[in-house]
Amino acid sequence: MSEDIYERLAAALDALPHGFARTPSGVELRLIKMAFTPEEVWLAGQLTRFPETAAEIAGRVGRDVAEVTATLESLIPRRLVRLDSPGMAAPGLTPQAEGEKRYRLGPFLVGWYEANMRLLDKEFAELFEQFVIEGGGERIFSPRPGVLGVVPVRGSLKPELIASMEPHLDIDAHFKRHERFLVIPCVCKREQELEHGHSCQLPMKRCGFVGLPPQTPLGETVLGPEDASKLLDELAQMGHVHLAFYGFTMGAETPQFVGTCNCCGCCCGVLRGITHLGLAEAPQRSNYRAVVNPDECIACGLCIDRCPVDAIANDQDDKALVERPKCIGCGVCVIGCASEAIEMVPVSAEEWFHVPSGMMEWEEMRLRNLAAGK
């Protein structure tokens, strides 16, 4: 098959709202070649974000339905193909589809990058880092809405604010909905270890927390609600930021908290978009910002150390001061403040981010913002 099949798939991926930047070196094509066979690339390059049945796809491309179906199904676990279903399902699991299956092209991130990073080696990690530096990071992370959204950690919001929060921020409700939770190793931390031979000292098993069927056996990566909730709190106390999946991307029909990456500023690819690439936007910020009461601040500096995006510094009196434009509203500083001098304050009505009702609305919002240069 000709080189054109890789160009075609790269262009199709970049046409998705998530984005897949074309780079000067063409490193994005090398990522595709490492992850998929030529036959898989050829078929995926025929897909768009609009779902079709296998028969419709086969008829359009002139291939046997059974052959097309087999290839499509094989690409779902590796996330290059998605099913048109209420959500993506937990990592490594196939989502449930009602009626005849309909398939669409899946994005690079969050999508087939994570699936392949768990399977491939140092070369894939190095190629990804090159892709990010050459413009891939800006193309994926900067447009609004962000591919992942910040959820304030438990204990960082006042009780009166919790009552008015959007459903996708209700962490406690999530742990009441399920009896089993999938908790998996951090793909960003794995990438750092593959590329540099080491990573930070924070835990490896820290991502997912996605609800599983109650009959799922408990194990190393499957926890009960008490253990999962306890681990999530421990990670927050260590300084991890909840970069959560919008409900409609992970198996829920409406926006709700359905799981989260627990991210540190040293490993997380999204947070490093701010700290290493200098992007103004990377994760979708929460609707709250941290504010320090200087009268209560004891100038211990702990909040400065905990902030994952370097948004807190000392003022002229050595008291902590939040640089509001940098704050992502994670609340990590709030729960770590010994003097309780920091609180989370809602943003203005003009700044308020209204969570889309589903994946299609999220994509349409992003496409409009891209067209407007936002």
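Is Cys263 buried or exposed in this structure? Select Cys263 and turn on a surface display: with a relative accessible area of 7%, Cys263 is buried. Keep in mind throughout the tour that this is a predicted model.

**First stop: the cysteines**

Stay with Cys263 and look for the closest cysteine sulfur, which belongs to Cys268 and lies 3.7 Å away, too far for a bond. A disulfide is a covalent bond between the sulfur atoms of two cysteines. The cut-off used here is a sulfur-to-sulfur distance within 2.5 Å, and because the sulfur of Cys263 is 3.7 Å from that of Cys268, the two are not joined. Next, select Cys300, which is in no disulfide either, since the nearest cysteine sulfur, in Cys303, is 6.2 Å away. A search of the whole structure gives the matching result, with 0 disulfides found.

**Second stop: strand S7 and its neighbours**

Now select residues 241-244, which form strand S7, together with residues 260-263, which form strand S8. These two strands run antiparallel and are joined by 4 bridges. On the other strand to select, S3 (residues 149-151), the pairing with S7 is also in the antiparallel sense, and here there are 3 bridges.

Which residues of S7 are buried on each of its faces? On one side you will find Val241 and Leu243, and on the other His242 and Ala244, and all of them are buried, so that both faces of the strand are covered. His242 is a useful residue to highlight, for it is the bridge partner of Val151 and also stands opposite Asn262 in S8.

**Third stop: helix H10**

Move to residues 187-196, helix H10, and colour Val187, Cys188, Lys189, Glu191, Gln192 and Glu195, which are buried. To see what covers these buried residues, show several elements around them, including helix H6 (108-117), helix H7 (122-141), strand S4 (180-185), strand S5 (205-212) and helix H12 (269-275). Just after H10 comes Gly197, whose phi is positive, at about 85°.

**Fourth stop: helices H4 and H5**

Select residues 54-61 for helix H4 and residues 65-75 for helix H5, and look along the pair until you can see how their axes come within 9 Å and cross at roughly 115°. The crossing of H4 past H5 is right-handed. If you show side chains, you can follow how Ala54, Ala55, Ile57 and Ala58 in H4 meet Val65, Val68, Thr69 and Leu72 in H5. Sorted by class, this contact has 7 nonpolar residues, 1 polar residue and no charged ones.

**Last stop: details of the backbone**

Two peptide bonds deserve a look with the backbone atoms shown. The bond from Leu109 to Val110 is cis, with omega near -5°, and Val110 is found in helix H6. The bond from Arg144 to Pro145 is cis as well, with omega near -5°, and Pro145 lies in the loop between H7 and S3.

Finish with two residues other than glycine that have a positive phi. Ala299 has a phi of about 55°, is found in the loop between strand S9 (288-292) and helix H13 (302-306), and counts as partly exposed at 38% relative accessibility. Asp310, with phi near 55°, has its place in the loop between H13 and strand S10 (312-314).

Note on methods
Residues are numbered from 1 along each chain as its sequence is written. This is a predicted model: local features need pLDDT of at least 70, side-chain atom pairs count only at pLDDT 80 or more; totals for chains, interfaces and linings use all residues. Side-chain values use heavy atoms; hydrogens and water are left out. Axes are lines fitted to C-alpha atoms, for helices over the stretch in contact, and angles run from 0 to 180 degrees between N-to-C directions. A crossing is left-handed if the near helix is turned anticlockwise from the far one by less than a right angle, and right-handed if clockwise. Contact means heavy atoms within 4.5 Å. Ala, Val, Leu, Ile, Met, Phe, Trp, Tyr, Cys and Pro count as nonpolar, Asp, Glu, Lys and Arg as charged, and the others, Gly among them, as polar. Buried means under 20% relative accessible area, exposed over 50%, partly exposed in between (1.4 Å probe, protein chains only). Two strands pair if DSSP finds at least two bridges between them.
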